[in-house]
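Me: Please take a close look at one part of this model, the protein surface around one of the DNA strands. I would like one connected account.

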2 protein chains.
Amino acid sequence: MRPSRKPSNGTTKSLQAEREPLAAVIGGTELQIAYRMGYVLNFYREPSFRRIEMELGLTRPEIVTLIFLNFREGVTASEICEFSGHLKANISRGIIALEKKKLIRRAADKTDSRRQQLFMTAAGRALYARYIPALRERERAMLACLTRAERNEFERLLDKLAAHVPQWAALDEL
Amino acid sequence: MRPSRKPSNGTTKSLQAEREPLAAVIGGTELQIAYRMGYVLNFYREPSFRRIEMELGLTRPEIVTLIFLNFREGVTASEICEFSGHLKANISRGIIALEKKKLIRRAADKTDSRRQQLFMTAAGRALYARYIPALRERERAMLACLTRAERNEFERLLDKLAAHVPQWAALDEL
DNA sequence: ACCAGAAAGTCTCATATGAGACCATCACGA
DNA sequence: TCGTGATGGTCTCATATGAGACTTTCTGGT
């Protein structure tokens with residue numbers, strides 16, 4: 001149990017006593033939308049990932065690398081970095097660890113010997129299959145409060161946001 | 001510069017060469033919506049927070065604590081935990097560090113001597129004012145691709161999701 | 001009034017992570 | 001062809017974090 005991580009149902013005495021519940025902080029900071037995204041995503045992602053870390057002995061970069069390889073075999077470390085939000089040093093460590101555990105294998109890229117293409121092994125696929133269902137199910141639970149139409153609209157807006165990331169993410173000044 | 005963190009504009013040779021760009025991974029994993037949320041949020045949050053960490057010498061729990069105190073003075077550590085996604089040990093360390101730097105002060109709660117209410121000092125407010133504008137501006141840039149109506153709808157959906165978090169977040173089985 | 005259990009906060013220890021140096025390979029202009 | 005800079009990947013070091021034990025204080029039932 002992680003009491004410090006669990007959101008209150010609003011039944012805690014301290015919260016009831018306050019006129020405006022503390023939960024208002026979710027929309028009350030100066031970062032209205034970003035804070036909400038972080039809040040929801042944290043409660044989705046952290047418990048799931050922690051559990052995978054503990055039960056299967058994987059680090060976050062390792063978990064993410066397997067997810068990438070399930071999507072496309074043959075990707076390289078730097079490509080995983082590009083879309084995962086992990087630093088290349090950590091992905092590199094993760095890949096080395098995954099290979100040591102025989103969950104993936106590496107092959108030098110023919111056209112560029114700096115690169116190495118990554119492939120899942122059967123064991124890797126099996127391990128992936130052990131943790132993905134819980135993540136999927138938790139995502140479903142997270143979205144259960146939306147109607148079908150709302151879910152589609154939410155997805156559409158996220159797509160739009162994701163597509164525009166390159167236009168601002170590189171702005172180091174911000 | 002963090003090259004490994006920067007999303008490609010799609011102009012990288014390796015990506016162009018592929019029929020389906022690797023960027024399709026954003027919507028191509030088995031976690032359609034959750035992955036997109038993480039992707040967008042990572043590119044918003046990580047660079048900003050890293051910068052604050054480096055330039056102002058604050059840790060993430062410290063940054064978050066100041067954001068909470070700006071929203072409401074007098075909150076306690078456990079309340080910050082509840083809505084921040086940080087473990088109580090880290091918030092505790094953050095609070096101790098913030099007090100040592102004279103950015104906040106603590107006062108024992110009259111009605112419950114286990115608790116301590118937190119308050120910003122003038123220095124804390126000043127430091128907060130130094131990093132919040134960049135976060136706000138980056139949030140604005142992230143959302144710039146949405147129309148006014150889309151932005152409102154996105155916010156509404158996030159509100160709905162956030163409000164329902166307590167209904168599923170505690171399900172440890174997932 | 002008491003006791004068992006919960007809650008607030010702090011601490012310790014092991015580990016994952018961030019920053020950046022480093023090496024090898026590649027790309028491209030002179 | 002050479003040489004300069006960029007890129008892919010690995011390594012080292014310091015630090016932030018996660019897990020969980022621990023203390024003190026509060027709560028609720030008997």
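Reply: What follows describes the surface near DNA strand D.

This is a predicted model, in which local features need pLDDT of at least 70 and side-chain atom pairs count only at pLDDT 80 or more, while totals for chains, interfaces and linings use all residues. Residues are numbered from 1 along each chain as its sequence is written, chains are lettered from A and ligands numbered from 1 in the order in which they are written, and side-chain values use heavy atoms, with hydrogens and water left out.

DNA strand D is surrounded by 26 residues, a residue being near a strand if one of its heavy atoms lies within 4 Å of it. The closest are A:Ser92, A:Arg106, A:Arg114, B:Asn90 and B:Ser113. By class, twelve residues of this surface are charged, seven polar and seven nonpolar. Here Asp, Glu, Lys and Arg count as charged, Ala, Val, Leu, Ile, Met, Phe, Trp, Tyr, Cys and Pro as nonpolar, and the others, Gly among them, as polar.

Helices are DSSP runs (H or I, at least four residues), numbered from the N terminus. In chain A, α3, α5 (77-84) and α6 (88-100) each supply at least two residues, as do α4 (60-71) and α6 (88-100) of chain B. The most comes from α6(A), with five residues.

Of the strand D atoms within 4 Å of the protein, 67% belong to sugar or phosphate and the rest to bases. One phosphate oxygen is 2.7 Å from a side-chain N or O atom of A:Ser92. For B:Asn90, a polar side-chain atom lies 2.5 Å from a phosphate oxygen. The side chain of B:Ser113 has an N or O atom 2.7 Å from a sugar or linking oxygen of the strand.

Note on methods:
A polar contact is a pair of N or O atoms within 3.5 Å; within protein, one must be able to donate a hydrogen and the other to accept it, and residues adjacent in sequence count only if both atoms are side-chain atoms.
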